[in-house]
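Thank you for making time for this; I would like to walk through one structure, going from the strands to the core and then out to the loops. Please have the sequence and the model open in front of you.

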Amino acid sequence: MIEIREVFTHVETIFHEYGPPAATPLVRGAIMAVLTNPFAGRYEPDLLPMMDALKPVGLDMARRLLAAMQVDAKSIESYGKGAIVGAAGELEHGAVWHVPGGYAMRELLEGQGVATNAIVISAKKVGAPSTRLDVPLAHVNASYVRSHFDAMEVSVPGAPAADEVVFVLAMTTGARVHARVGGLAVSQIVGKDGLR
């Protein structure tokens, strides 16, 4: 059921956004796996077996992404996920990534002492080869931390083909470099929901 054609990794380091250089540069990374879509061209009523089959893929991708970013897990402050489904598939074929993608990052980070009480937000679309996707990002432990609302634009050249899916994980080491629009601060996070 799982056939991976390519894994594509993107890491960027942001020093400033036309303002003063950050005390610590922001590192943002994304990893994209291009898989054959076993449901391309047909309707499959039961997608749950695919979700289960993707769990080890998600964990492997999360580990690879953290290694590529060359940062300690404790420095990860935001995350997100996404999927781009080839034209012979449907949006729900990207939705199978919700559990294996989100829980992979949470399991990896929690195993290294990072609190991850916030949901891993996501985006998905059906698209042609080289389609770009804005993967939403939010704080790992409290979704209301405004400084971490962001997105990372990703794509894989030439993918997905009509019978493929691109599954994406993204993580960053902090807020937008010059975040200054108020709201709940990281230092104010208390309790499981980040509010109490």
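Before I come to the sheet, one definition is needed: two strands are said to pair if DSSP finds at least two bridges between them. I should also say at once that what you see is a predicted model.

With that in mind, let me begin with strand S5, which covers residues 133-139. S5 is joined to strand S6, residues 150-154, by five bridges, and these two strands run antiparallel. One of the residue pairs to look for is Asp 134, whose bridge partner in S6 is Glu 153. S5 also pairs with strand S3, residues 78-85, again in the antiparallel sense, here over two bridges. In that pairing, Ser 78 is the residue that stands opposite His 139 of S5. Is S5 largely enclosed or not by the rest of the structure? It is largely enclosed, because six of its seven residues are buried.

Let me turn next to Arg 28, which is placed in strand S2, residues 26-36. Is this arginine buried or exposed? Arg 28 counts as buried, because its relative accessibility is 9%, and the cut-off for that word is under 20%. Its side chain has polar partners: a polar contact of 3.1 Å joins it to the side chain of Asp 150, and a polar atom of the Arg 28 side chain lies 3.1 Å from the backbone oxygen of Ala 151. If we leave aside the neighbours within four places in sequence, the residues in contact with Arg 28 include His 10, Glu 12, Met 69, Leu 137 and Met 171, as well as Asp 150, Ala 151 and Met 152. For Met 152 we can also give a separation, since its C-alpha atom is 8.1 Å from that of Arg 28, although the two residues are 124 apart along the chain.

Now to the nonpolar interior. The largest nonpolar core has 34 residues, and those with the most contacts inside it are Leu 54, Tyr 79, Leu 109, Phe 167, Leu 169 and Met 171. The elements that give two or more residues to this core are S2, helix H1 (48-69), S3, helix H3 (98-110) and strand S7 (164-172). Which of them provides the largest share? That is H1, with nine residues. As for Leu 54, once residues up to four places away in sequence are not counted, it touches Ile 2, Leu 35, Val 96, Trp 97, Pro 100 and Phe 167. There is also a second, separate core of 14 residues, with Ala 30, Met 32, Ile 84 and Val 166 among them.

On aromatic residues I can be brief, as the structure holds one aromatic pair. If you look at Tyr 103, you will find Arg 106 lying over the face of its ring, at 5.7 Å from the ring centre.

Moving on to the loops, I would like you to find two asparagines. Asn 117 lies in the loop between H3 and strand S4 (122-126), while Asn 141 lies in the loop between S5 and S6. Their side chains make a polar contact of 2.8 Å. Asn 141 is buried, with a relative accessible area of 13%, whereas Asn 117, at 37%, is partly exposed. Asn 117 can also be located relative to Ser 143, which is 26 residues away along the chain, with 8.7 Å between the two C-alpha atoms.

Last, some backbone geometry. Most residues other than glycine have a negative phi, and most peptide bonds are trans. Tyr 18, in the loop between strand S1 (4-14) and S2, has a positive phi of about 65° although it is not a glycine. This tyrosine is exposed, with a relative accessible area of 81%. Ser 130, found in the loop between S4 and S5, likewise has a positive phi, of about 70°, without being a glycine, and at 37% relative accessibility it counts as partly exposed. Finally, where is the cis peptide bond between Ala 159 and Pro 160 to be found? Pro 160 lies in the loop between S6 and S7, and the bond that joins it to Ala 159 has an omega of about 5°.

Terms used: Residues numbered from 1 in each chain as written. Predicted model: local features only at pLDDT ≥ 70, side-chain atom pairs only at ≥ 80, totals over all residues. Heavy atoms only, no water. Helix = DSSP H or I, 4+ residues; strand = E, 2+ residues; numbered from the N terminus. Buried < 20%, exposed > 50% of the residue type's maximum accessible area, 1.4 Å probe, protein only. Polar contact = N/O pair within 3.5 Å; in protein donor to acceptor, adjacent residues only side chain to side chain. Contact = heavy atoms within 4.5 Å. Phe/Tyr/Trp six-rings, centres within 6.5 Å; stacked < 30°, edge-to-face > 60°. Lys NZ or Arg CZ within 6 Å of the ring centre and 35° of its normal. Core = buried A, V, L, I, M, F, W, Y, C linked by side-chain atoms within 4.5 Å.
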